[in-house]
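Here is a friendly walk through one protein model, helix by helix. Keep the 3D view open as you read.

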Amino acid sequence: MKKNSSGAILLISVAVLALFTALSHMSCIMLGPECYRAQMAPEALIELSKSAPWRAALETTLVSLLFVATAIFCLSGAGVIRKMPMLKPAIITISVICTLRGIATLPLSMLFPEQVTAFSIIAGILWFFAGVSCFSGYRLMSIKNSTP
């Protein structure tokens, strides 16, 4: 991997965001219901963290593993780690999900104005750019790797 490859930088940036998100989610297991609330978890998960903490921890871990998988595929696409199987469909899926998550911020903010915070808006913007960066970064890496 070239150090100045813009495609790699975009993919590594998405990987860092995904790993940070996974760690943030996992912090809820240790810090409890108020952490879930601060991170705007669904009310059902907040209540579950009070009544069945083991189940909330399991669900949180599963979600965190999705973010870790995102990071792994992005690092693979950037050439930092070995090429993962199904890399292209995974990157496309990640790109679409992240972009849609970002786009959904606006209509959801209108439907649920009481839940709009600076954090929710920033998160939506970050995930939109993560989706675009993931797709663009992979595309740039593919172009770079296909030229002699």
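## Starting from one residue

I94 sits in helix α5. The model is a predicted one, and in it I94 is buried, with a relative accessible area of 11%. If you set aside the neighbours within four places in sequence, I94 is in contact with T70, F73 and C134.

What separates I94 from L108 along the chain and in space? In sequence they are 14 residues apart, and from C-alpha to C-alpha the gap is 20 Å.

## The overall picture

Zooming out, the protein has seven helices and zero strands. Following the sequence gives the pattern α-α-α-α-α-α-α. The C-alpha trace spans about 60 × 35 × 25 Å along its principal axes.

Of the 148 residues in the protein, 36% are buried. Take the contacts between residues at least 6 apart in sequence: 63% of them join residues at least 24 apart.

## Helix α1

Helix α1 covers residues 6–31. With 26 residues, α1 reaches 37 Å from its first C-alpha to its last, close to the 38 Å expected at 1.5 Å a residue. Just after α1 comes G32, which takes a positive phi of about 90°.

Which residues of α1 are buried? They are G7, A8, L11, V14, A15, L17, A18, T21, A22, S24 and C28. An α-helix has 3.6 residues a turn, so residues three or four places apart point the same way. That is handy to keep in mind when you look along the list. I12, also in α1, counts as partly exposed at 27% relative accessibility.

## Helix α4

Helix α4 runs over residues 53–77. Its 25 residues should span 36 Å at 1.5 Å a residue, and the end C-alpha atoms of α4 are indeed 36 Å apart. Just after α4, G79 takes a positive phi of about 85°.

The buried residues here are A56, A57, T60, S64, F67, T70, A71, F73, C74, S76 and G77. Two of the names in that list, T70 and F73, were met earlier as contacts of I94.

## How α1 packs on α4

Two packed helices are described by the angle between their axes and the distance between the axes. For α1 and α4, the angle is about 165° and the axes are 8 Å apart. Why are the two called roughly antiparallel? Angles over 145 degrees count as roughly antiparallel, and therefore α1 and α4 are roughly antiparallel to each other. Their crossing is left-handed.

On the α1 side, the contact is made by L11, I12, V14, A15, A18, L19, T21, A22, H25, M26 and I29. Facing them in α4 are A57, T60, T61, V63, S64, F67, V68, T70, A71, C74, L75 and G77. By class, this contact of α1 with α4 holds 16 nonpolar, seven polar and no charged residues. For a sense of scale across the pair, I12 and A71 are 59 residues apart in sequence and 8.0 Å apart in space, C-alpha to C-alpha.

## How α4 packs on α5

α4 also packs with helix α5, residues 87–103, at an angle of about 120° and with the axes 10 Å apart. That angle makes α4 oblique to α5. The crossing of α4 with α5 is left-handed.

T70, F73, C74, S76 and G77 are the α4 residues in this contact, and they meet L87, A90, I91 and I94 in α5. The contact of α4 with α5 divides into six nonpolar, three polar and no charged residues. Our starting residue, I94, is thus part of the α5 side.

## Two loop residues to look at

How do the loops compare with this? M40 lies in the loop between α2 (33–38) and α3 (43–51). M40 has a positive phi of about 60° although it is not a glycine, and at 36% relative accessibility M40 counts as partly exposed.

M86 is found in the loop between α4 and α5. Phi of M86 is near 60°, again a positive value in a residue other than glycine. Is M86 buried or exposed? At 61% relative accessibility, M86 counts as exposed.

Terms used: Residues are numbered from 1 along each chain as its sequence is written. This is a predicted model: local features need pLDDT of at least 70, side-chain atom pairs count only at pLDDT 80 or more; totals for chains, interfaces and linings use all residues. Side-chain values use heavy atoms; hydrogens and water are left out. Axes are lines fitted to C-alpha atoms, for helices over the stretch in contact, and angles run from 0 to 180 degrees between N-to-C directions. Helices (H or I, at least four residues) and strands (E, at least two) are DSSP runs, numbered from the N terminus. Angles under 35 degrees count as roughly parallel, over 145 as roughly antiparallel, 65 to 115 as roughly perpendicular and the rest as oblique. A crossing is left-handed if the near helix is turned anticlockwise from the far one by less than a right angle, and right-handed if clockwise. Contact means heavy atoms within 4.5 Å. Ala, Val, Leu, Ile, Met, Phe, Trp, Tyr, Cys and Pro count as nonpolar, Asp, Glu, Lys and Arg as charged, and the others, Gly among them, as polar. The expected span of a helix is 1.5 Å times one less than its number of residues. Buried means under 20% relative accessible area, exposed over 50%, partly exposed in between (1.4 Å probe, protein chains only).
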